[in-house]
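Hi,

Here is the structure I promised to pass on. Have a look at it first, and my notes on what turned up follow underneath.

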Amino acid sequence: MPLDAAFPDTAYSVCPHDCPSACALDVERLAPDRIGAVRGAEGNRYTAGVVCAKVARYAERVHHPDRLTKPLLRTGPKGSGDFAEIGWDEALDRVADAFLAKAARHGSETVWPYYYAGTMGLVQRDGINRLRHVMRYSRQLKTICSALTDAGWLAGVGAKYGPDSCEIALSDLIVVWGSNPVHTQVNLMHHIATARKKRGAKLVAIDPYRTGTAKIADLHLALRPGTDGALACAAMHVLFRDGWADRDYMARYADDPARLEAHLVDRTPEWAASITGLDVEEIEEFAALYGANKRAMIRAGYGFSRSRNGAVNYHAVTCLPTVTGAWAHEGGGALYSNSGLFGLDMRLIEGTDAVDRSTRVLDMSRIGPVLTGDPRDIGDGPPVTAMLIQNTNPMSVAPDLGRVRRGLSRDDLFVCVHEQFMTETARMADIVLPATTFLEHDDLYISLGHTHLQIGPRVIEPLGEARSNHEVLRGLARRLGADHEGFGIDAWQVIDRTLLASGYCGADEMRRKRWIDCAPPFEKGHFIEGFPTGDGRFRFAPDWSAIGPCHEGMPPLPDHHAIIDEADERHPFRLVTAPSRSFLNSSFTETPTGRAHEDRPRAKIHPEDCRRLGVAEGDRVRMGNDRGAVTLFAEPFDGLQEGVTIVEGIWPGSAFEEEIGINLLVSAEPGPPLGGAVFHDTAVWIAPAG
Ligand SMILES: Nc1nc2c(c(=O)[nH]1)N[C@H]1C(S)=C(S)[C@@H](COP(=O)(O)OP(=O)(O)OC[C@H]3O[C@@H](n4cnc5c(=O)[nH]c(N)nc54)[C@H](O)[C@@H]3O)O[C@H]1N2
Ligand SMILES: Nc1nc2c(c(=O)[nH]1)N[C@H]1C(S)=C(S)[C@@H](COP(=O)(O)OP(=O)(O)OC[C@H]3O[C@@H](n4cnc5c(=O)[nH]c(N)nc54)[C@H](O)[C@@H]3O)O[C@H]1N2
Ligand code: SF4
Ligand SMILES: [Mo]
């Protein structure tokens with residue numbers, strides 16, 4: 001779309017970052033290539049005029065002096081950072097030639113296009129799959145963020161939707177379970193504040209440490225990481241024991257309440273206290289509070305799923321509102337994701353009509369094992385020898401970073417990284433291509449945290465020679481002979497045709513509307529007509545085998561599944577690598593304000609543990625396990641249990657003496673049954689750094 005503006009003015013957009021909020025934005029536009037302040041749209045009932053600080057000052061990121069502006073060719077050894085500027089034609093020719101040569105030698109599956117949600121815009125994020133499918137390249141199992149939550153939610157509820165998140169303003173009790181919306185979903189805090197002000201709603205936070213959310217909560221349960229299944233079971237034990245269970249509701253809406261009740265008889269608060277490290281009284285207090293409030297909304301976060309037993313724990317938590325029947329009440333139930341509401345036809349964007357189901361699927365969270373030829377991943381298939389990476393920074397965000405680095409260092413591996421900044425992944429590339437930001441291209445956005453389908457037209461001219469993902473894919477498709485309707489049209493046309501094919505208005509009308517609220521009627525969002533499980537019943541006893549292939553040994557009913565990386569004598573601490581406020585995954589680590597705010601990588605350690613270790617505030621400490629060790633700065637902190645440590649933020653490797661990030665310590669072991677990275681499930685040792 002051409003820019004049709006008189007400057008300065010206000011343009012409309014959508015925040016593309018990987019955040020449940022997908023905020024509707026008002027962007028102050030100062031010139032065809034310059035923005036001013038960014039604000040949350042007042043007229044959107046979810047955004048409600050609120051955005052996070054890092055996006056409010058987006059001018060810092062979009063106009064950052066370190067933005068990439070030209071295609072680059074590696075001239076030194078891999079990872080050296082030595083590059084020379086080249087033209088777009090040469091860059092795309094080189095990438096296409098490498099892909100064709102590698103495929104001729106090893107077969108098409110040797111090429112592994114790799115992406116995630118650096119932008120959540122559907123055209124620019126998912127278009128890479130069109131190239132993949134048309135060319136029969138290796139497929140990607142998307143496990144880095146939501147495989148464990150998906151598995152846990154689908155196990156009981158059956159589909160990805162539920163109550164409207166704005167309803168939290170109408171709740172009497174809000175349980176933020178394994179999430180820290182003060183950092184990760186600021187809009188939710190706005191709606192929670194409304195419930196507290198208008199209804200006197202109580203707020204409970206369930207998190208291994210006293211987060212910003214826990215700090216303002218009425219009750220904080222600081223359990224040991226990976227023990228939520230035990231807490232949920234004990235809470236349900238009390239609900240049955242003390243008459244809070246709604247037997248009529250369960251008879252109508254659940255699979256086998258009698259079996260669940262019998263199973264929970266010995267899952268007592270005492271039993272859970274020994275696993276979670278909580279007091280019996282805290283567990284009793286929480287259960288009674290939950291039982292006494294029908295308008296109780298659980299925000300089931302991502303954090304407590306990032307353990308080996310994460311899917312089991314996630315499912316266990318979603319059982320609570322089924323036991324009390326809270327689902328049936330306005331302001332009651334549980335919130336996960338609404339991505340199942342939008343019903344978009346993704347054929348044009350993703351080339352779903354070209355998928356060859358016989359091509360192999362590689363687990364993105366196991367990029368380290370994959371690139372180092374782990375037989376568990378590669379079997380007798382060809383090695384991965386060529387990659388196109390868009391919208392993700394695996395050299396920082398993926399588990400088992402030591403293996404990721406070894407893999408990306410392979411001389412026989414050709415890597416093209418399309419990026420806005422010279423990330424750690426881009427530094428490892430053979431060819432780096434400069435990417436536009438969301439303000440410089442058109443896209444279409446669904447949301448996980450609310451119900452609006454939104455359009456984000458281009459706001460300013462692209463910086464330098466930056467190109468959008470869609471344009472890069474078109475350029476490669478032409479050179480590779482990849483034929484698909486989606487490669488023949490521009491992004492706006494892709495949006496237009498996708499909307500129309502999905503039964504919505506076209507792109508131009510959508511642009512006038514800005515968003516369409518796809519909120520389901522109350523009956524659907526609250527499962528009044530039954531759960532989307534086939535027979536209408538919530539599953540206390542899930543069929544894990546229907547959800548993922550690695551279901552062996554998963555408990556048949558909610559439980560504590562004892563497969564986590566337990567602390568032991570050599571590794572006495574359980575590490576949680578939680579999101580920081582100013583960084584969004586690895587993004588915004590480049591902006592000066594965010595960087596200044598976060599200061600340096602710190603380890604929160606209980607004062608008693610500090611005393612035992614002989615470390616004080618600001619001391620350098622080493623943290624490690626069999627995968628390696630990094631140096632951090634000690635922060636004595638009493639808002640967690642002894643034997644637990646927290647490191648906030650995915651800092652770039654350059655922030656550590658070892659030149660490698662915290663994910664060096666995180667295992668690439670997939671969580672059952674569907675895979676999923678276990679970022680908060682790591683046993684480590686800590687020692688004073690000499
Ligand atoms: N230790 C630890 N590790 C974690 C987590 C954790 O909690 N702890 N969280 C995990 C989770 S939940 C996730 S989702 C992953 C996310 O990890 P990533 O997917 O790497 O996340 P981002 O930093 O959001 O985005 C990556 C890159 O996308 C680029 N990008 C943005 N827009 C565009 C675009 O339009 N085109 C192109 N070509 N590039 C673009 C950005 O510049 C950025 O460098 O990290 C995971 N890693
Ligand atoms: N500022 C900021 N915003 C972000 C992100 C970011 O990095 N920074 N990341 C974005 C992305 S990609 C995502 S997926 C979302 C994630 O949003 P959240 O769901 O909030 O994030 P999580 O990584 O899932 O971690 C949240 C909390 O879970 C806690 N936690 C860890 N293990 C356990 C456990 O075993 N039990 C319990 N009860 N709690 C546990 C952590 O201590 C942490 O406080 O946020 C998005 N928004
Ligand atoms: S809260 Fe999330 S969606 Fe909203 S502006 Fe910030 S990062 Fe973007
Ligand atoms: Mo994520």
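Tyr 302 uses a polar backbone atom to come within reach of ligand 2: an oxygen atom of the ligand is 2.8 Å from it. Bear in mind throughout that this is a predicted model. The backbone does similar work at two other places around ligand 2. A nitrogen atom of the ligand has a backbone N or O atom of Arg 581 at 3.0 Å, and a polar backbone atom of Asn 585 is 2.9 Å from one of its oxygen atoms. The protein buries 97% of the 920 Å² that ligand 2 exposes when taken alone.

The shell around ligand 2 counts 32 residues, with Thr 184, Asp 207, Gly 226, Gly 303 and Phe 583 coming nearest. By class, that shell is 14 nonpolar, 12 polar and 6 charged. Ligand 2 lies between domain 3 (148-336) and domain 4 (573-688), because both of them give residues to its shell.

On to ligand 1. Which residues come nearest to it? They are Asn 393, His 418, Glu 419, Asn 469 and Asn 663, out of 29 around the ligand. As for polar partners, the side chain of Arg 61 has an N or O atom 3.1 Å from an oxygen atom of ligand 1. Asn 393 offers a polar backbone atom at 2.8 Å from a ligand oxygen, while Asn 585 brings a polar side-chain atom to 3.3 Å from an oxygen of ligand 1. On its own ligand 1 has 920 Å² of accessible area, and the protein covers 97% of it.

So Asn 585 turns up twice, because its side chain has a polar atom 3.3 Å from an oxygen of ligand 1 and its backbone has one 2.9 Å from an oxygen of ligand 2.The shell of ligand 1 divides into 8 nonpolar, 17 polar and 4 charged residues. Domain 2 (72-144 + 350-450 + 462-513) and domain 4 (573-688) both contribute to that shell, so ligand 1 lies between these two domains.

Ligand 3 has residues around it that include Cys 15, Cys 19, Cys 23 and Cys 52, along with Val 186, Asn 187 and Leu 584. Its shell has 9 nonpolar and 2 polar residues, and no charged ones.

Away from the ligands, I also looked at a histidine and a helix.

Is His 441 buried or exposed? His 441 is buried, because its relative accessible area is 6%, and the cut-off for buried is under 20%. This residue sits in the loop that joins β16 (431-434) to β17 (443-445). The side chain of His 441 makes a polar contact of 2.8 Å with the side chain of Thr 436, and one of its polar atoms is 3.3 Å from the backbone oxygen of Thr 437. Leaving out residues up to four places away in sequence, His 441 touches Gln 124, Thr 436, Gly 456, Pro 457, Arg 458 and Ser 468.

The helix is α13 (residues 269-276), where Pro 269, Ala 272, Ala 273, Ile 275 and Thr 276 are buried. Residues three or four places apart in an α-helix point the same way, because there are 3.6 residues a turn. The buried residues of α13 pack against α10 (228-241) and α14 (280-292). Just past the helix, Gly 277 has a positive phi of about 80°.

Cheers

Key
Residues numbered from 1 in each chain as written. Chains lettered and ligands numbered in written order. Predicted model: local features only at pLDDT ≥ 70, side-chain atom pairs only at ≥ 80, totals over all residues. Heavy atoms only, no water. Near = heavy atom within 4 Å. Polar contact = N/O pair within 3.5 Å; in protein donor to acceptor, adjacent residues only side chain to side chain. Areas by Shrake-Rupley, 256 points an atom, 1.4 Å probe, with all protein chains shown as cover. Nonpolar A, V, L, I, M, F, W, Y, C, P; charged D, E, K, R; others polar. Domains from an automatic or database assignment. Buried < 20%, exposed > 50% of the residue type's maximum accessible area, 1.4 Å probe, protein only. Helix = DSSP H or I, 4+ residues; strand = E, 2+ residues; numbered from the N terminus. Contact = heavy atoms within 4.5 Å.
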